[in-house]
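Hi,

Here is the structure I promised to send over. Have a look at it first, and then read my notes underneath.

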Amino acid sequence: MSGDRADQVRVQLLERAASGAGGSLALCFGSCRITVQTDSAGLRQKLARYYADFLEPADHDNVGRVPDITVRALEAKPWNPELPWIVKQPDPGKTKIKEEYLDLPQDSRLGTCMGRLVRKRLTGMLFYFDQETHLAHGPCLANDNQVINFINSRFIQWMLDRGSLLCHAAGVSLNGNGLALAGFSGMGKSTLALHMMRRGLDFISNDRLLIHGLDSGRNTHGPTMHGVAKLPRVNPGTILGNPSLAGLLDASQKEAYVKMAPDELWNLEQKHDVYLDECFGQGKFLSAARMAGLVILNWKTKYPRTSLELVDLAQHPELLDTVIKSPGLFFLPRPDVAYRFQPENYLDVFSKCAVFEAQGGVDFDHVADACVHYLGQQGKG
C-alpha cells in the first residue's frame, strides 16, 4: 500500500510539473546541458546570477538542441505526504536529522527502483527523481540553495553514470593544468583555493570533483577533473586573511572578528558565499582542467611550521579517506553501470599524478606559493 501511495505522490508531482512549467534557464556544465524550468521568476533570476559562468549562449548552434537533463522547480507551500519515510541518518560528527526518503517499488524489468522521493524536514522541500525526471517542489525561492544543490546533484549523477570518479575535493587550475585540494573537514580546502586564485589561478570546484577519462590508455594528457558549479562558502577567518574577499564584510563585522582569538576564528561557523566574478574578475570559474596533482591538507593550527611533501597514497591508505566521497542520497544507481566507488579506483588514478601532503602548522600562503610554482612547472613540460 505504501508503494501505491508513493506512486500517487509521484503522479501528482508530474501533473503539477506539466501544468506549470513557467520560464526556463539553459545551463552548460562541460558537455552536459541542463535546462531548468520554474514557475518562479524570482528563483530564475537567482539561479541566473548564481550560475552566471555556466549560462548557455543563445547562439544559432544551440537552437533546437535537446538538453541532457531537465530539472523542474515548482514553487509551492511545504508538503509532507503521509508516507512511511526512511530517516537519513546524519553524517559522522553530526546529530541533526535533516532528510528522509522513500524509494518507489522496484521495476522487475530493470532490476532497480523506479525513483526516489526525498523530503527536507527543516524546509518542507520535496524532491523526486528517476532516470528521466528531476523535480523540486516546495518553497523553492526561499530555499534556492537546496534547488542549486539538487541541480548539481543531477550533474554528478550524469557524470557517475558515465564512469567518473567522485572526490571530496576543491579544485584550481593554471593554464589548463589542475590541482585537486583535499583534506579532512575544516582543513581549509576552499580557503587554500581562494589564496591561489589571488595569485591568478582559475577556480574549478569548491567541494566536489569528478575525475573522468580514467582509462586514458595512450592519452598522455591523463584524466580530466570536472568541477561542480558550487560557489565557495567561507568563514570570516578566510575573508580576513584574503584581501580579495574584503568586500564580503562590513566595517562592524571586521572589527568584531579581528578581536577574536585565532582558534576561535578558525572554528567559527558563519558562512559567506563568494561570488568569484565580484572578487576576482570575470571568467575565473571554469568547468574542467587536466588533473596534474593532488594536495592533501593534514595540518593543525597548534604547530609552528608547515611542510609540503610528496606522499605515496598506497603506503598511507588513511589519507584516502580525505578524498573518497559517497554520492549520497541524491544518487540513484543504474543496473547497467559499473560505478567506481572502490578504494582501489582512487589509488589507481592518483598513482598517475603527484600527491602532496601538507603537515605541521597552517600556512596558506606557503602552500599556495608552492602549488602555484608546481603548476607553473607543469605548463613548461
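Below is what I found, starting with a pocket and then moving on to two residues.

Before anything else, keep in mind that this is a predicted model.

The pocket I looked at is the second largest one, with a volume of about 250 Å³. It is lined by 13 residues, and those closest to its centre are Gln131, His134, Trp158, Asp161 and Arg334. Which helix gives the most to this lining? That is helix 3 (residues 144–160), which supplies three residues. As for the chemistry of the lining, seven residues are charged, three are polar and three are nonpolar.

Next, His195. You'll find it in helix 4 (residues 189–197). Is His195 buried or exposed? It counts as buried, because its relative accessibility is 6% and the cut-off for buried is under 20%. Setting aside neighbours within four places in sequence, His195 is in contact with Gly241, Asn242, Phe364, Asp365 and Ala368.

The other residue is Gly227, which sits in strand 16 (residues 224–227). Gly227 has a relative accessibility of 9%, so it counts as buried too. Again leaving out neighbours within four places in sequence, Gly227 is in contact with Phe155, Ile204, Ser205, Arg208, Leu209 and Ser287. Have a look at Gly30 as well: Gly227 and Gly30 are 197 residues apart in sequence, while their C-alpha atoms are 9.1 Å apart in space.

Cheers

Definitions and conventions: Residues are numbered from 1 along each chain as its sequence is written. This is a predicted model: local features need pLDDT of at least 70, side-chain atom pairs count only at pLDDT 80 or more; totals for chains, interfaces and linings use all residues. Side-chain values use heavy atoms; hydrogens and water are left out. On a 1 Å grid over the protein atoms alone, a cavity is a set of points where a 1.4 Å probe fits but cannot get out, and a pocket is an open set with protein on both sides within 12 Å along at least five of seven lines; lining residues have an atom within 4 Å of a point. Grid points are joined across faces, edges and corners, and a volume is the space filled by probe spheres set on the points. Helices (H or I, at least four residues) and strands (E, at least two) are DSSP runs, numbered from the N terminus. Ala, Val, Leu, Ile, Met, Phe, Trp, Tyr, Cys and Pro count as nonpolar, Asp, Glu, Lys and Arg as charged, and the others, Gly among them, as polar. Buried means under 20% relative accessible area, exposed over 50%, partly exposed in between (1.4 Å probe, protein chains only). Contact means heavy atoms within 4.5 Å.
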